Amino acid sequence: MKTFTQIMALGLTVTGMMANMQEAMAATKLEFAQNKREAVASFDALIAKFEQANPDIDIEQNLLPEFNTVMQARMMKESLPDVIAMGG
């Protein structure tokens with residue numbers, strides 16, 4: 001019975017290590033927020049080029065038309081985007 005318990009413990013340890021390795025190898029995800037509808041296509045092209053050169057980084061572009069309102073709310077929640085572009 002002791003051997004069975006040791007084998008189960010080893011199996012669970014290896015499974016946990018594999019899950020941690022898979023998580024570490026997963027792509028880095030970045031949120032890019034901007035407020036210019038006319039810039040979406042340009043940023044999409046730049047993001048695609050960047051992601052092609054950096055396959056381990058995934059960038060999600062978010063268009064925020066009510067930029068100031070959304071940013072104020074997200075500041076309060078401590079949930080800011082990783083990258084911000086704000087046009088004048």
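Start by selecting Phe32, and you will find Val83 of strand β3 standing opposite; keep in mind throughout the tour that this is a predicted model. Phe32 belongs to strand β1, so labelled because strands are numbered from the N terminus. Extend the selection to the whole of β1, residues 28–34, and to β3, and you will see two strands that run parallel and are joined by three bridges.

Now add strand β2 to the view, which completes an open sheet of three strands, paired in parallel and ordered β2-β1-β3. The strands at the edges, each pairing on one side only, are β2, residues 57–63, and β3, residues 83–85. If you turn the sheet, you can follow how neighbouring strands are rotated against each other, by 20° on average when direction is ignored.

Next, select residues 40–53, which form helix α2; this helix packs on the sheet and touches β1, β2 and β3, while its direction makes about 170° with that of β2.

With helix α2 still shown, return to Phe32 and select Phe43 as well. The chain has one aromatic pair, and Phe32 and Phe43 form it in an edge-to-face arrangement, with 4.8 Å from centre to centre and 70° between the planes. This pair links distant parts of the chain, since Phe32 sits in strand β1 and Phe43 in helix α2, eleven residues apart. Are the two partners buried or exposed? Phe32 counts as buried because its relative accessibility is 8%, under the 20% cut-off, whereas Phe43, with a relative accessible area of 23%, is partly exposed.

Move on to helix α3, residues 67–76, and pick out Met71 within that helix. Met71 is buried, having a relative accessible area of 6%. Which residues does Met71 touch, if those up to four places away in sequence are not counted? They are Leu64, Leu80, Pro81 and Ile84. For one of these contacts you can check the spacing in the viewer: Met71 and Pro81 are ten residues apart in sequence, and their C-alpha atoms are 8.8 Å apart in space.

Finally, show the entire protein chain, whose secondary structure comes to three helices and three strands, running α-β-α-β-α-β from the N terminus on. Of its 88 residues, 18% are buried, and the chain exposes about 7,000 Å², of which carbon and sulfur atoms supply 62%. Among the contacts between residues at least 6 apart in sequence, 65% join residues at least 24 apart.

Methods. Residues are numbered from 1 along each chain as its sequence is written. This is a predicted model: local features need pLDDT of at least 70, side-chain atom pairs count only at pLDDT 80 or more; totals for chains, interfaces and linings use all residues. Side-chain values use heavy atoms; hydrogens and water are left out. Two strands pair if DSSP finds at least two bridges between them. Helices (H or I, at least four residues) and strands (E, at least two) are DSSP runs, numbered from the N terminus. Axes are lines fitted to C-alpha atoms, for helices over the stretch in contact, and angles run from 0 to 180 degrees between N-to-C directions. Contact means heavy atoms within 4.5 Å. Buried means under 20% relative accessible area, exposed over 50%, partly exposed in between (1.4 Å probe, protein chains only). Accessible areas come from the Shrake-Rupley method with a 1.4 Å probe; for residues, only the protein chains shown count as cover. Rings of Phe, Tyr and Trp (its six-membered ring) pair if their centres lie within 6.5 Å; planes under 30 degrees apart count as stacked, over 60 as edge-to-face and the rest as tilted.
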